[in-house]
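Let's take a walk through this one together, going from a turn in the backbone to helix packing and on to the cysteines. Keep the viewer open as you read.

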Amino acid sequence: MNLGYDKALYLLPFDHRQSYVSNMFHLESPLTVPQRDQVIDSKQLIYEGFNQALTQGVPFHAAGILVDEQFGAAILRDARQRGCVTALSVERSGTDEFEFEYGADFADHIEAFDPTFAKVLVRYNPQGDPALNLRQLGRLKQLSGYCRRRQRKFMFELLVPPTHDQLAHAGGNKDVFDRQARPQLMQQTLHALQDAGIEPDVWKVEGLDSHADGERIVQSARRGGRERVACIVLGRGADEARVRAWLTVAAGVPGFIGFAVGRTSFWDAVSGYRARTLSRAEASTQIAGRLREWVDIFEAGRLSHPAGTA
């Protein structure tokens with residue numbers, strides 16, 4: 001089994017769907033054709049920013065996009081044709097329980113776009129609802145098995161939401177939960193998923209505040225002969241300062257090969273374009289600048305921590 005991914009990976013994710021439509025456009029499904037075209041055009045704007053970043057020093061071999069079929073089909077096809085790294089989201093948007101966007105036909109949709117990665121977002125807490133976890137494991141094993149059979153790379157975006165009791169134990173403070181409880185729960189989740197036969201090549205994980213926590217996550221991702229499995233850090237829509245801190249931590253940990261920072265990269269630019277306070281060119285330039293900033297931070301962190309090179 002050729003499990004893992006050992007190249008640098010700097011992703012611009014803009015596969016947001018339900019939350020994007022409701023919070024950016026203040027629309028509800030089903031969308032009219034003109035409304036749908038607005039959303040598609042905004043994603044094209046983000047893609048323009050990505051392409052601009054490639055002309056401004058972001059390395060082509062490492063840069064990639066993560067986008068959805070619903071609003072980004074043309075983008076996926078164009079990026080694939082140009083030889084870019086592409087990741088296609090396969091989960092249904094706006095649900096707490098992982099389900100396939102296209103049900104039993106999920107494989108046909110992946111094959112149609114032939115992405116570098118099939119990507120899934122899953123909310124999983126090992127101390128959460130056992131029945132929910134078991135249902136999710138069954139579907140995830142389907143996806144993992146398909147990826148292995150087809151020799152297709154599998155990216156797993158893991159979110160660990162606190163249970164009611166866990167949040168109460170943290171005094172109702174999500175930041176306290178993130179620092180004190182989430183890293184260990186992430187490790188437990190990786191072990192549970194691996195033990196269930198779910199084998200991602202890349203784990204896309206929430207930001208960590210300490211080098212030691214990052215090392216432990218990589219150790220879990222790579223246990224049991226999974227030496228080439230890698231991690232990337234996600235942005236979670238956090239402010240710039242927090243994203244910088246997470247990138248700096250991840251860059252110094254061997255096994256973290258990059259990042260996927262979405263909303264912090266594009267949200268203000270798309271909002272400004274829609275409000276007509278930014279021209280399309282200005283919005284695209286802002287997105288490109290953010291992506292370049294994240295790359296610079298990550299690569300500087302790897303240079304200052306040579307052992308951080310995967």
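**A walk through the fold**

Start at P30, which sits in the loop between α1 (18-24) and α2. Keep in mind that you're looking at a predicted model. The peptide bond that joins S29 and P30 is cis, with omega at about 0°. If you're checking backbone torsions, that's a good place to begin.

Follow the chain on into helix α2, which covers residues 33-54. How do α2 and α12 pack against each other? Helix α12 takes in residues 280-304, and the two axes are 7 Å apart at an angle of about 55°. That angle makes α2 oblique to α12, because values between 35 and 65 degrees fall outside both the roughly parallel and the roughly perpendicular ranges. As for handedness, α2 passes α12 in a right-handed crossing.

Now look at who does the touching. On the α2 side, the residues that meet α12 are D41, Q44, L45, I46, E48, G49, F50, Q52 and A53. Their partners in α12 are R280, A283, S284, T285, I287, A288 and L291. Sort the residues of this contact by type and you get eight nonpolar, five polar and three charged.

Helix α2 also has a contact with α11, the helix at residues 263-274. Here the axes come within 11 Å and cross at roughly 125°. Once again α2 is oblique, this time to α11, and the crossing of α2 and α11 is right-handed. From α2, the residues Q38, D41, S42, L45 and I46 take part, and they meet F266, V270, Y273 and R274 in α11. The breakdown for this contact is five nonpolar, two polar and two charged. Compare the two lists and you'll find D41 named in the contact with α12 and named again in the contact with α11; L45 and I46 likewise appear in the α12 list and in the α11 list.

Let's zoom in on F50, which lies in α2. Is F50 buried or exposed? With a relative accessibility of 0%, F50 counts as buried, since the cut-off for that label is under 20%. Leaving aside residues up to four places away in sequence, F50 touches L12, A63, G64, I65, C84, I287 and L291. Two of those, I287 and L291, belong to the α12 side of the helix contact described above. For a sense of scale, the C-alpha atoms of F50 and L121 are 22 Å apart in space, with their positions 71 residues apart in sequence.

One of the neighbours of F50 is C84, and that brings us to the cysteines. C84 is itself buried, at a relative accessible area of 5%. C231 is buried as well, with a value of 1%. How many disulfides does a search of the whole structure find? It finds zero. A disulfide is a covalent bond between the sulfur atoms of two cysteines. For C231, the closest cysteine sulfur is in C147, 17 Å away, so the two are too far from each other for a bond.

Next, move to helix α5, residues 130-149, where you'll find S144. S144 counts as buried, because its relative accessibility is 1%. Apart from residues up to four places away in sequence, S144 touches F154, G197, I198 and E199.

Carry on to the loop between α5 and β5 (153-159), and you reach Q151. Q151 isn't a glycine, yet its phi is positive, at about 55°. Q151 is also exposed, with a relative accessible area of 74%. There's another positive phi at R236, near 55° and again in a residue other than glycine. R236 lies in the loop between β7 (230-234) and α10 (240-251), and R236 is partly exposed at 24%.

Our final stop is A170, in the loop between α6 (164-169) and α7 (174-180). A170 is buried, with a relative accessible area of 12%. Outside the residues up to four places away in sequence, A170 touches V176 and F177. Then trace back to F154: A170 and F154 are 16 residues apart along the chain, and their C-alpha atoms are separated by 33 Å.

How values were computed. Residues are numbered from 1 along each chain as its sequence is written. This is a predicted model: local features need pLDDT of at least 70, side-chain atom pairs count only at pLDDT 80 or more; totals for chains, interfaces and linings use all residues. Side-chain values use heavy atoms; hydrogens and water are left out. Axes are lines fitted to C-alpha atoms, for helices over the stretch in contact, and angles run from 0 to 180 degrees between N-to-C directions. Helices (H or I, at least four residues) and strands (E, at least two) are DSSP runs, numbered from the N terminus. Angles under 35 degrees count as roughly parallel, over 145 as roughly antiparallel, 65 to 115 as roughly perpendicular and the rest as oblique. A crossing is left-handed if the near helix is turned anticlockwise from the far one by less than a right angle, and right-handed if clockwise. Contact means heavy atoms within 4.5 Å. Ala, Val, Leu, Ile, Met, Phe, Trp, Tyr, Cys and Pro count as nonpolar, Asp, Glu, Lys and Arg as charged, and the others, Gly among them, as polar. A disulfide is a pair of cysteine sulfur atoms within 2.5 Å. Buried means under 20% relative accessible area, exposed over 50%, partly exposed in between (1.4 Å probe, protein chains only).
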